[in-house]
Amino acid sequence: MGRTITIIIALVIAIALYLIVHHAVVRRNTKKAQSEALKETTVAIKAVLQQLVAENFIASTPTLLKASVIPDGWGRGVMAFEYLVLIDDVSDEQLPILRQRLNHLLVEFCEAHQVESVVGTQESAFLVTDVWRHTKRIHLGVAYLVNEATVEYIQDLHRLEKNT
């Protein structure tokens, strides 16, 4: 009887250790992938913000204040980021137009730099999902469509928009 209990305890400990190590490895790999995706997305965002200035869509050069990974509440591996940008000459009424223009420029960026999307070859790999203002700062929600988890995140956002 004592040997059976020892074996059961050893199995429980082994399974628990496996789950802890597996979770740590997966989490580390996800954070590493998100960090790389954030760098690639930031390059694209900086380029399209400069393009807005070059085409006189906005008058002054925007300042990128912060770039961060959106907390992973939507599922493992979602490549969604928030950018905090200071743009002086965009009104609240112009925010939807800004979002549309950014998405158009991101399509052009992806074509010019051969950035691939998991969605398809004709689709942009980057998508501005949301734009809103808090004081003078504009928040941009941007998704990098490199995996199915991010595509499902975008589909969930569309469902939420329809329901509100």
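Residues 24 or more positions apart account for 63% of the contacts in the chain with a separation of 6 or more, where contact means heavy atoms within 4.5 Å. The tour below visits several of these contacts in turn.

**Before selecting anything**

The model is a predicted one, in which local features need pLDDT of at least 70 and side-chain atom pairs count only at pLDDT 80 or more, while totals for chains, interfaces and linings use all residues. Residues are numbered from 1 along each chain as its sequence is written, and side-chain values use heavy atoms, with hydrogens and water left out.

**The whole chain**

Display the chain as a cartoon. Three helices and four strands appear; these are DSSP runs, with helices being H or I of at least four residues and strands E of at least two, numbered from the N terminus. From start to end, their order is α-β-β-α-β-β-α. The chain is more spread out than a compact globule, because its radius of gyration is 21 Å, well over the 15 Å that the globule rule gives for 164 residues. That radius is taken over C-alpha atoms, and the rule is 2.2 Å times the number of residues to the power 0.38. Along the principal axes, the C-alpha trace spans about 80 × 35 × 30 Å.

Next, show the surface. The chain exposes about 10,400 Å², of which carbon and sulfur atoms supply 58%; accessible areas come from the Shrake-Rupley method with a 1.4 Å probe, and for residues only the protein chains shown count as cover. Of the 164 residues, 34% count as buried. Buried means under 20% relative accessible area, exposed means over 50%, and partly exposed lies in between (1.4 Å probe, protein chains only).

**The nonpolar cores**

Select Leu 98 and Phe 126, the residues with the most contacts inside the largest nonpolar core, which has 31 residues. A nonpolar core is a set of buried Ala, Val, Leu, Ile, Met, Phe, Trp, Tyr and Cys residues joined through side-chain atoms within 4.5 Å. Two or more residues of this core come from each of α1 (2-54), β2 (80-86), α2 (95-113), β3 (126-134) and β4 (137-144). The largest share, eight residues, belongs to α1. Apart from this core lies another, of eight residues, including Ala 80, Val 151, Tyr 153 and Ile 154.

Keep Leu 98 selected and add its neighbours. Leaving aside residues up to four places away in sequence, Leu 98 touches Leu 52, Phe 57, Ile 87, Val 90, Val 131 and Ile 138.

**Helix α3 and the loop before it**

Move to Thr 150, which is found in helix α3 (residues 148-163). Is Thr 150 buried or exposed? Thr 150 counts as buried, because its relative accessibility is 0%. Residues up to four places away in sequence not being counted, Thr 150 touches Gly 77, Val 78, Met 79, Ala 143, Tyr 144 and Leu 145.

Step back to Asn 147, in the loop between β4 and α3. Asn 147 touches Gly 77, Met 79 and Val 118, again not counting residues up to four places away in sequence. Asn 147 and Val 78 are 69 residues apart in sequence, and their C-alpha atoms are 7.7 Å apart in space.

**The loops around α2**

Select Gln 94, in the loop between β2 and α2. Gln 94 counts as partly exposed, at 36% relative accessibility. Gln 94 and Val 26 are 68 residues apart in sequence and 41 Å apart in space, C-alpha to C-alpha.

Then select Ser 124, which lies in the loop between α2 and β3. Ser 124 is buried, with a relative accessible area of 11%. With residues up to four places away in sequence not counted, Ser 124 touches Leu 106, Val 107, Cys 110, Ser 117 and Leu 145. The C-alpha atoms of Ser 124 and Phe 109 are separated by 8.4 Å, and the two residues are 15 residues apart along the chain.

**Two positive phi angles**

Finish with the backbone of Asn 56, in the loop between α1 and β1 (63-69). Although Asn 56 is not a glycine, it has a positive phi of about 60 degrees. Asn 56 counts as exposed, at 66% relative accessibility.

The last stop is Thr 135, in the loop between β3 and β4. Thr 135 is not a glycine, yet has a positive phi of about 55 degrees. At 58% relative accessibility, Thr 135 counts as exposed.
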